Structure formats: C-alpha cells, structure tokens
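Trainee: Could you take me closely through one part of this protein, namely its salt bridges and the cavity beside them? I would like to see how the paired side chains sit within the fold as a whole.

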Amino acid sequence: MSQCPIQQSEQPTASMGAHCPVAHGSDEINPLNQVPFSISQSPTTNQSIPLSVDRERSSIPCAPPSTEDCSFGPSNWLYPSPQQFYNALVRKGYDMPQDQMSTMVQLHNFLNEEAWAEVLTWERRWDSNTVPELAQIHGKPKELSLKARTQLFASWLLPSYVKAERPFDRHDWLIRRASGKHVRYIIDYYSAQPDEQGNPAFILDVRPASDSASNIRRRIVHAAEGLLGSLFNRGQAAAFKQ
C-alpha cells in the first residue's frame with residue numbers, strides 16, 4: 001500500500017473524488033503519453049489565482065522513438081506544472097479547486113513514482129544490471145482490466161468471501177528494455193483506507209500484461225512465490241505460538 005506524502009492539511013477535498021486528472025483522449029494528444037502536445041502555461045480566462053509554472057523532472061527514463069519526439073526531455077519524463085495541470089483539466093470540462101492544484105500535482109507525481117518503482121521490481125527479475133525506459137503511457141480510466149473484472153465478478157458472486165472494489169483508474173505502460181524489447185505493464189489504481197493521521201492511501205496493482213508466454217510464466221511464478229511465502233510465515237507463527 002502506498003502512503004501519500006502530502007500532509008493532512010494539504011489533502012484534496014472529498015468533493016474531488018478519486019480519479020485520474022490527466023486528460024485521457026484528445027484530438028491533439030501526444031501518442032507517447034496521452035497528453036496534449038501543447039499545454040499552455042498561461043492562466044485561463046476564468047482563473048482567479050496564480051498557479052505555479054514550475055515543472056518537476058521524474059526519476060523515470062524516457063524512451064521515445066527519437067529525442068525530438070520526447071516532449072518531456074531526452075532523459076527523464078518531466079511532470080506538468082500546476083498551471084498546465086489545471087489547463088488540461090479545464091480542457092476536459094473538469095471544475096477543480098484552483099488552490100489545490102499543487103497538491104494534486106504532488107499526488108499525481110507520487111503515484112507515478114510508486115508505479116515505476118513496482119515496474120522496476122518486476123524488471124529486476126529479468127535483468128538486475130540494466131534499467132528499462134518508459135516508452136509510452138496509455139490511460140484507460142473507463143476500461144477495466146481482466147483482473148479487475150474478474151475480482152469484481154467474484155465479489156458479486158461470493159460477497160461473503162471476496163471483497164473487491166472498482167479501481168479509480170487504469171494505465172497501460174509500455175517499457176523498453178536494454179535489449180530493445182518492449183513490454184506492456186498494466187496498472188490498476190485503488191483507493192485505500194486513510195492512515196491513522198487521516199492521510200490518503202492507495203493500492204497500486206502493477207504487473208506485466210498477460211500478452212506473452214514469458215509474462216504469463218513470470219506472473220505464475222510470482223503468485224506461487226507469494227503463496228509459498230504466506231504459508232511459510234503462517235507456519236512460523238504457529239510454531240512460535242506453540
């Protein structure tokens with residue numbers, strides 16, 4: 001579970017809801033990241049307060065077809081500024097509190113960094129000596145993954161045994177390994193119960209897509225390792241009680 005680094009006093013209000021604020025889908029989007037090619041840094045017509053135009057560079061290496069196509073820089077992806085973030089929301093018809101744009105950008109960046117950390121954990125199983133690059137981001141907020149659909153169906157069929165919630169967002173990330181091979185990852189984003197201080201928490205389900213034999217095999221091995229680890233821990237706990 002990922003704990004949000006934003007302090008309680010800076011949290012987005014409940015009226016904002018849990019959703020991905022990135023503009024998914026537009027007739028002028030960059031196919032690499034599903035973000036408009038040109039998001040203005042200028043205030044909108046009805047904007048009442050100034051917003052920061054500072055942008056933070058991520059820890060995620062960018063792997064475009066060419067450096068010219070990487071609108072977020074030739075090295076690592078660059079996150080949008082609060083002003084660009086707000087402008088993108090306005091373009092999509094969202095009415096969000098202007099004074100909380102900085103907080104929303106922090107949250108957006110935090111979730112991306114957490115997702116990338118999970119991707120790296122998976123990738124080290126294949127190659128622990130090189131670092132992959134992120135080639136493409138595809139937001140699918142309205143399209144449930146097969147795993148999410150299966151879990152929701154199971155919770156409907158067996159509500160006493162299975163608890164599942166609908167993810168508030170989904171991303172498909174295409175990464176490029178040092179070998180040049182591209183691998184698709186699926187990321188389901190879930191809201192979790194706030195921590196003891198009331199700070200928001202999230203669960204990110206990150207895994208390689210089941211679109212190749214090697215990915216399926218790796219996911220089976222990963223699930224088996226998790227099951228064996230759980231059984232081993234239970235056995236130790238039982239032995240300790242005795």
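Mentor: Read along the sequence, this predicted model follows the pattern β-β-β-β-β-α-α-β-α-β-β-β-α, which amounts to 4 helices and 9 strands. Of its 242 residues, 41% count as buried, and the protein exposes about 13900 Å², of which carbon and sulfur atoms supply 54%. Among contacts between residues at least 6 apart in sequence, 63% join residues at least 24 apart, and some of the salt bridges can be read against that background.

Side chains of opposite charge can pair when their charged atoms come close. The structure holds 10 such salt bridges, and I will take three of them in turn before coming to a network.

Consider to begin with Arg176 and Glu133, whose side chains meet in a salt bridge with a nitrogen-to-oxygen distance of 3.0 Å. This pair links distant parts of the chain, since Arg176 belongs to strand E7 (residues 169-176) and Glu133 to strand E6 (residues 133-139), 43 residues apart. Arg176 has a relative accessibility of 26% and therefore counts as partly exposed, and Glu133, with a relative accessible area of 26%, is partly exposed as well.

The next pair is Lys147 with Asp205, where the salt bridge spans 2.9 Å from N to O. Because Lys147 lies in helix H3 (residues 146-157) and Asp205 in strand E9 (residues 201-208), the pair ties together a helix and a strand at positions 58 residues apart in sequence. The two partners fall into separate accessibility classes: Lys147, at a relative accessible area of 30%, is partly exposed, whereas Asp205, at 16%, is buried.

Strand E9 also carries Arg207, and the side chain of Arg207 meets that of Asp188 in a salt bridge of 3.0 Å, again taken from N to O. Asp188 is in strand E8 (residues 182-192), so this pair ties together parts that are 19 residues apart in sequence. Here both partners, Arg207 and Asp188, are buried.

Beyond these pairs there is a network of salt bridges that links Lys140, Glu143, Arg170, Asp172, Arg184 and Asp211. Several of these names return when we turn to empty space inside the model.

Rolling a probe the size of a water molecule over the atoms shows where empty space is left. In this structure there are 2 cavities of 30 Å³ or more, and the second largest has a volume of about 40 Å³. Its lining is made up of Lys140, Pro141, Glu143, Leu144, Ser145, Pro167, Asp169, Arg170 and Asp188, which divide into 3 nonpolar, 1 polar and 5 charged residues. Lys140, Glu143 and Arg170 of this lining also take part in the salt-bridge network, while Asp188, another lining residue, is the partner of Arg207 described above.

One further position helps to place helix H3 in the picture. Ala164 is found in the loop between H3 and E7, and with a relative accessible area of 25% Ala164 is partly exposed. Leaving aside neighbours within four places in sequence, Ala164 is in contact with Gln151, Leu152 and Ser155. For Leu152, which is 12 residues away along the chain, the separation between the two C-alpha atoms is 5.6 Å.

Technical notes. Residues numbered from 1 in each chain as written. Predicted model: local features only at pLDDT ≥ 70, side-chain atom pairs only at ≥ 80, totals over all residues. Heavy atoms only, no water. 1 Å grid on protein atoms, 1.4 Å probe; cavity = no way out; pocket = protein on both sides within 12 Å on 5 of 7 lines; lining within 4 Å. Points joined across faces, edges and corners; volume = space filled by probe spheres on them. Nonpolar A, V, L, I, M, F, W, Y, C, P; charged D, E, K, R; others polar. Salt bridge = Lys/Arg side-chain N within 4 Å of Asp/Glu carboxyl O. Helix = DSSP H or I, 4+ residues; strand = E, 2+ residues; numbered from the N terminus. Buried < 20%, exposed > 50% of the residue type's maximum accessible area, 1.4 Å probe, protein only. Contact = heavy atoms within 4.5 Å. Areas by Shrake-Rupley, 256 points an atom, 1.4 Å probe, with all protein chains shown as cover.
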